[in-house]
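Q: Please take a close look at one part of this model and explain it step by step. I would like to know where the chosen residue sits, what surrounds it, and how other parts of the model look beside it.

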Amino acid sequence: MTFGEQPAYLRVASDLRRKIVDGRLPPHTRLPSQARIREEYGVSDTVALEARKVLMAEGLVEGRSGSGTYVRERPVPRRVARSGFRPERGATPFRQEQADASVHGTWESSSEQTEADAAIAERLGLEPGDRVMCTRYLFREAGETMMLSTSWEPLALTGRTPVMLPEEGPLGGMGVVERMRAIDVIVDNVTEEVGARPGLAEELAVLGGVPGHVVLVIRRTYFASGRPVETADVVIPADRYRAAYHLPVK
């Protein structure tokens with residue numbers, strides 16, 4: 001096999017990836033051994049090893065102790081709803097999706113008062129050390145963890161009000177727009193920045209991934225007349241879910 005300018009290990013990984021994608025190496029099939037890769041592609045042991053590492057980092061294969069490296073089952077990506085407008089019936093997009101009889105979603109949350117670090121303070125227009133309400137969410141679909149979220153709200157805005165705790169009180173769970181409206185704060189804009197990165201060990205332990213798996217990170221911030229009133233990081237496993245946006249047409 002003749003290789004061009006691309007490093008040999010990437011060429012080998014690309015060829016093996018094609019075989020996985022087109023079904024010549026179906027799920028649960030053992031990946032060719034290092035010796036076999038070396039012989040078939042005319043490369044060194046180092047190149048063969050690096051090619052396997054690439055496929056593992058991409059989540060296409062997994063190592064099994066004492067057995068070898070196998071092609072992973074490729075999940076069919078499912079949809080996670082995102083919305084640029086207030087959903088009907090005063091609920092978050094996730095909760096509206098779960099109202100569908102065909103979907104079985106659950107979530108749990110916990111809130112605590114804490115101090116904003118430099119990054120969160122900048123996103124909320126606060127000073128580092130200002131008090132915020134931090135709420136952590138874990139969302140499941142059919143028993144499988146599908147999404148993590150951490151939100152922060154300035155206590156200078158919500159403290160000592162009925163909506164101080166996002167998931168408790170008369171408007172608990174109704175979403176940022178409805179809760180802020182209850183204290184005469186009118187949310188008129190929301191931004192979301194979508195990026196990707198390798199999942200942190202603690203995230204993957206909960207989401208069911210393996211080291212090297214990529215996650216989508218959605219950085220969301222709600223604004224009222226230009227003032228940030230809530231910011232959040234939403235973490236979704238990129239191999240199992242896609243962020244689907246519903247945006248209003250003006």
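A: A polar contact is a pair of N or O atoms within 3.5 Å; within protein, one of the two must be able to donate a hydrogen and the other to accept it. The model examined here is predicted.

The residue chosen is threonine 145. Threonine 145 belongs to strand β6, which covers residues 144–154. Is threonine 145 buried or exposed? Its relative accessibility is 12%. Buried means under 20% relative accessible area, so threonine 145 counts as buried.

What does the side chain of threonine 145 reach? The partner is the backbone oxygen of valine 206, at 3.5 Å. Valine 206 also appears in the list of residues that threonine 145 touches, once residues up to four places away in sequence are left out. That list holds Leu138, Phe139, Arg140, Val206, Leu207 and Arg240.

Other residues can be set beside this one. Valine 194 lies in strand β7, residues 189–198. With a relative accessible area of 48%, valine 194 is partly exposed. Together with Tyr245 and Leu247, Val194 forms a nonpolar patch on the surface. The accessible area of these residues together is about 300 Å².

Two loop residues come next. Arginine 160 is in the loop between α6 (155–158) and α7 (176–181). Its phi is near 60 degrees, a positive value in a residue other than glycine. The relative accessibility of arginine 160 is 85%. Exposed means over 50%, so arginine 160 counts as exposed.

Serine 225 sits in the loop between β8 (214–224) and β9 (227–237). Serine 225 is not a glycine either, yet it has a positive phi of about 55 degrees. At 69% relative accessibility, serine 225 counts as exposed.

The last part is the interior. How many residues does the largest nonpolar core have? The core has 17 residues, and those with the most contacts inside it are Val12, Leu16, Ile37, Leu55 and Val61. At least two residues of this core come from each of α1 (8–21), α2 (34–41) and α3 (45–57). Helix α3 gives the most to the core, with five residues.

To return to the starting point, threonine 145 is a buried residue of strand β6, and its side chain reaches the backbone oxygen of valine 206.

Definitions and conventions: Residues numbered from 1 in each chain as written. Predicted model: local features only at pLDDT ≥ 70, side-chain atom pairs only at ≥ 80, totals over all residues. Heavy atoms only, no water. Patch = residues over 30% accessible without salt bridge, like charges linked within 9 Å, V, L, I, M, F, W, Y side chains within 5 Å. Areas by Shrake-Rupley, 256 points an atom, 1.4 Å probe, with all protein chains shown as cover. Salt bridge = Lys/Arg side-chain N within 4 Å of Asp/Glu carboxyl O. Helix = DSSP H or I, 4+ residues; strand = E, 2+ residues; numbered from the N terminus. Buried < 20%, exposed > 50% of the residue type's maximum accessible area, 1.4 Å probe, protein only. Core = buried A, V, L, I, M, F, W, Y, C linked by side-chain atoms within 4.5 Å. Contact = heavy atoms within 4.5 Å.
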